[in-house]
Amino acid sequence: MAPRAYWKGTLKLSLVSCPVVLYPATTAAEKTRFHMINRETGNRLKQQMVDAETGDIVESDQKGRGYELRKGKYVEIEPEELEAVQIESNHTIDIESFVPSDEIDQRYLNHPYYIAPEGKAAIDAFAVIRDAMKDQDRVALAKIVLTNREHIIAIEPLGKGLLGTTLRFPYELRDEDEFFGDIKNAKVTKDMVELAGHILHTKAAHFDPSKFKDEYETALKALVKRKASGKTIELPEREERPSNVVSLMDALKQSLKGRGGKKPAAKSHARRATGRRQAAKKTHRSPARQRTAG
């Protein structure tokens, strides 16, 4: 049985449009969750809102929304006033532009959604939009209203359908200079960089999320199962942390030795890296030249 659609509307590219549905691409349903309970009765606890000053319980009809102007001073906003600024959804994803995928800063990526055609009549128009994006290797940028808020959504082909990812707005990102500004320029030798580069080479792989294992989630499930069956939970002894005082060069050499690798000739390693970069540039430029020529 197909999951319930999160959003229904129309995907529009100029005069071409088709009905589509959105489904959340992620789920937390399989994660282990805990509830707060009363240790004496075993009953589940419920939360109540309490006045921070008086300590009195606040009933639902007394609750309101307030924006803090300064410490302890709030301006109350009425529900109908919020409705006045809410954006009414026209249930349309109107594609405004197409951009190269490598130009989208990954920090802007927010929530992913699967976009599928709604009904057989929508398949042809949907396929035209999807295949045009595949052919041009571009990502569509559009606006969509979800839960009364307008979002920018990046749309790209994914198998037979489309992947739509809402993007964060610039004000939601922190400036990296706040965190990287105090990092001093390190003095590392060429030998250190070459050793580290070779370690990276020995660990080269392809992205395969099927290999990701949530060890903590597995341990949680085992813990709950053991506790539910009445077994005693034995606490492991804490391991002492190793000293951080270590020679960087020694650590690099030991890492390389542990991988069973040998230090490559610097020139040979550099030539291979240069060759790969040149080949990548040629491959990257080719489609662009073809599009320009067309």
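**Exercise 1. State where Tyr-67 lies, classify it as buried or exposed, and identify the surface patch to which it contributes.**

Solution. Tyr-67 is found in strand β3, which covers residues 65–70. The structure is a predicted model. The relative accessibility of Tyr-67 is 56%. The cut-off for an exposed residue is over 50%, and Tyr-67 therefore counts as exposed. Together with Leu-69 and Val-75, Tyr-67 forms a nonpolar patch on the surface. The accessible area of these residues together is about 310 Å².

**Exercise 2. Determine whether Arg-130 is buried or exposed, and list the residues that it touches beyond four places in sequence.**

Solution. Begin with the location: Arg-130 belongs to helix α2, residues 123–136. Its relative accessibility is 14%. A residue is buried when this value is under 20%, so Arg-130 counts as buried. When residues up to four places away in sequence are set aside, Arg-130 touches Pro-157, Gly-159, Lys-160, Gly-161 and Leu-162. Within α2, Arg-130 shares its buried status with Ala-125, Phe-126, Ala-127, Ile-129 and Met-133.

**Exercise 3. Compare the span of α2 with its expected value, and describe the residue that follows the helix.**

Solution. Helix α2 contains 14 residues. The expected span is 1.5 Å times one less than the number of residues, which for α2 gives 20 Å. The distance from the first C-alpha of α2 to its last is 20 Å, close to that expectation. After the helix comes Asp-137, with a positive phi near 55°.

Helix α5 (residues 215–228) may be treated in like manner: it has 14 residues and reaches 20 Å, close to the expected 20 Å. Gly-230, which follows α5, has a positive phi near 85°.

**Exercise 4. Establish how the buried residues of α4 are arranged about its axis, and name exposed residues on the face turned away from them.**

Solution. Helix α4 spans residues 190–202 and has 13 residues; its reach of 19 Å is close to the expected 18 Å. Its buried residues are Met-192, Glu-194, Leu-195, His-198 and Ile-199. Viewed down the axis of α4, these buried residues fall within an arc of 165°, so they line one face of the helix. The general principle is that an α-helix has 3.6 residues a turn, so residues three or four places apart point the same way. The face of α4 turned away from the buried side carries the exposed residues Lys-190, Val-193 and Leu-200.

**Exercise 5. State how many helices and strands the protein chain has, and what percentage of its residues is buried.**

Solution. The protein chain has seven helices and nine strands. Of its 294 residues, 17% are buried.

Terms used. Residues numbered from 1 in each chain as written. Predicted model: local features only at pLDDT ≥ 70, side-chain atom pairs only at ≥ 80, totals over all residues. Heavy atoms only, no water. Helix = DSSP H or I, 4+ residues; strand = E, 2+ residues; numbered from the N terminus. Buried < 20%, exposed > 50% of the residue type's maximum accessible area, 1.4 Å probe, protein only. Contact = heavy atoms within 4.5 Å. Patch = residues over 30% accessible without salt bridge, like charges linked within 9 Å, V, L, I, M, F, W, Y side chains within 5 Å. Areas by Shrake-Rupley, 256 points an atom, 1.4 Å probe, with all protein chains shown as cover. Salt bridge = Lys/Arg side-chain N within 4 Å of Asp/Glu carboxyl O. Arc of directions from axis to C-beta.
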